[in-house]
Amino acid sequence: MPDAIPTIPLNDGTHMPAVGFGTYKLNGADGVATMVRALHNGYRLLDSAFNYENEGAVGAALRKSGVPRDEIRVTSKLPGRRHAYDRALATIEESLYRTGLDHLDIYLIHWPNPQTGLYVEAWQALVEARRRGLVRTIGVCNFLPEHLDRIILETGVAPAINQIELHPYFPQAPQRDYDSSHAIVTQAWSPLGRANDLLGHATIADIARQHGRSIAQVILRWQVQLGTVPLPKATSDARQVENRSIFDFALTAADMDTITALGRKDGRLADQDPSRYEEF
Ligand SMILES: NC(=O)c1ccc[n+]([C@@H]2O[C@H](COP(=O)([O-])OP(=O)(O)OC[C@H]3O[C@@H](n4cnc5c(N)ncnc54)[C@H](OP(=O)(O)O)[C@@H]3O)[C@@H](O)[C@H]2O)c1
């Protein structure tokens, strides 16, 4: 196995691996087996959510892997239908029951749902959950600057993490700038574009050839060099190892610019603009 995945510091004094493992669609016994393999292949951050209906599988994988609990970071996320303060706290407690853990390492608000308009309450509940020791690190997903400004202004607490859609067709420069200027680490969801045509893109293939790497490795390395934390999901051992083996080469500034230039204004995979898309 390659060396341990490096870690990066968060604004609350904790650390997080510089690449994590996505678990969307990993359910049941097959999901547990895939996550156990990921842990044995060196991943130490499992990215789950209440809505993935696999928090139980995450807890089972963690126990089955034999990896010490304190070496693993488990993330879950609060669904849109549970933003009201009391419901949010009960949902976090339910996440703990489902995983069988006594605390979650990272808890995020899954979507801001601005029309519903309860995300400040949801954030207050996460702050309280951290105070009670139910969760260690709190953050958000899919928050735009206006949503972040509001929770910071109204609670005085800045998130440690903002997890957003980020791949070469959607490099998210303004949001990354906002996050880093507020000491918020950006995590990248669907970092491989959910295996769309990016994985055969001729421009990235050229760069990959020059470095003797795969296209997936170049995309994930680009995300790391942007200062973001990709969360690739992969089933086979070969792909899991491939995706985490990105800390022994570096892209040039020209490579970085070339990949970022593939960005499109409407580069989202499924038109999920958080200013109007709501998920429950
Ligand atoms: N916060 C949010 O709103 C949000 C939204 C979406 C996703 N997420 C998180 O982000 C994680 C990752 O996103 P995602 O699962 O949508 O997509 P992704 O990680 O971009 O892509 C996963 C797809 O890529 C394939 N793949 C993985 N490594 C590969 C490689 N080296 N070569 C070729 N194909 C490869 C996988 O196939 P196999 O599985 O067959 O190997 C799978 O089909 C999710 O699992 C979830 O944890 C969060």
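These legends accompany four close-up views of a predicted model with its bound ligand.

**View 1. The ligand and its surroundings.** Welcome to the binding site, where the ligand is surrounded by 28 residues. Of these, D47, S190, L192, R194 and T235 are the closest. The shell is made up of 13 nonpolar, 9 polar and 6 charged residues. If you are looking for a helix to orient yourself, try α9, which spans residues 237-244. Helix α9 gives the largest share of the shell, with 3 residues.

**View 2. Side chains facing ligand oxygens.** Here we zoom in on distances between polar atoms. In the side chain of K233, an N or O atom is 2.8 Å from an oxygen atom of the ligand. The side chain of H110 also has an N or O atom to look for, with 3.5 Å between it and a ligand oxygen. For R239, the distance from a polar side-chain atom to an oxygen atom of the ligand is 3.0 Å. Taken on its own, the ligand has 910 Å² of accessible area, and the protein covers 87% of it.

**View 3. The pocket that holds the ligand.** Which pocket does the ligand occupy? The ligand takes up the space of the largest pocket. Keep K233 in sight as you explore, with its side-chain N or O atom 2.8 Å from a ligand oxygen.

**View 4. The open sheet and one of its strand pairs.** Follow the 8 strands of this open sheet in the order β3-β4-β5-β6-β7-β8-β9-β10, with parallel pairing. At the edges are β3 (21-22) and β10 (229-230), each of which pairs on one side only. Now look within the sheet at β5 (residues 73-78) and β6 (residues 104-109), which run parallel and are joined by 4 bridges. Which residue of β6 is the bridge partner of S76? That partner is Y107.

Conventions
Residues are numbered from 1 along each chain as its sequence is written. This is a predicted model: local features need pLDDT of at least 70, side-chain atom pairs count only at pLDDT 80 or more; totals for chains, interfaces and linings use all residues. Side-chain values use heavy atoms; hydrogens and water are left out. A residue is near a molecule or strand if one of its heavy atoms lies within 4 Å of it. A polar contact is a pair of N or O atoms within 3.5 Å; within protein, one must be able to donate a hydrogen and the other to accept it, and residues adjacent in sequence count only if both atoms are side-chain atoms. Accessible areas come from the Shrake-Rupley method with a 1.4 Å probe; for residues, only the protein chains shown count as cover. On a 1 Å grid over the protein atoms alone, a cavity is a set of points where a 1.4 Å probe fits but cannot get out, and a pocket is an open set with protein on both sides within 12 Å along at least five of seven lines; lining residues have an atom within 4 Å of a point. A molecule sits in a cavity or pocket if more than half of its atoms lie within 2 Å of its grid points. Helices (H or I, at least four residues) and strands (E, at least two) are DSSP runs, numbered from the N terminus. Ala, Val, Leu, Ile, Met, Phe, Trp, Tyr, Cys and Pro count as nonpolar, Asp, Glu, Lys and Arg as charged, and the others, Gly among them, as polar. Two strands pair if DSSP finds at least two bridges between them.
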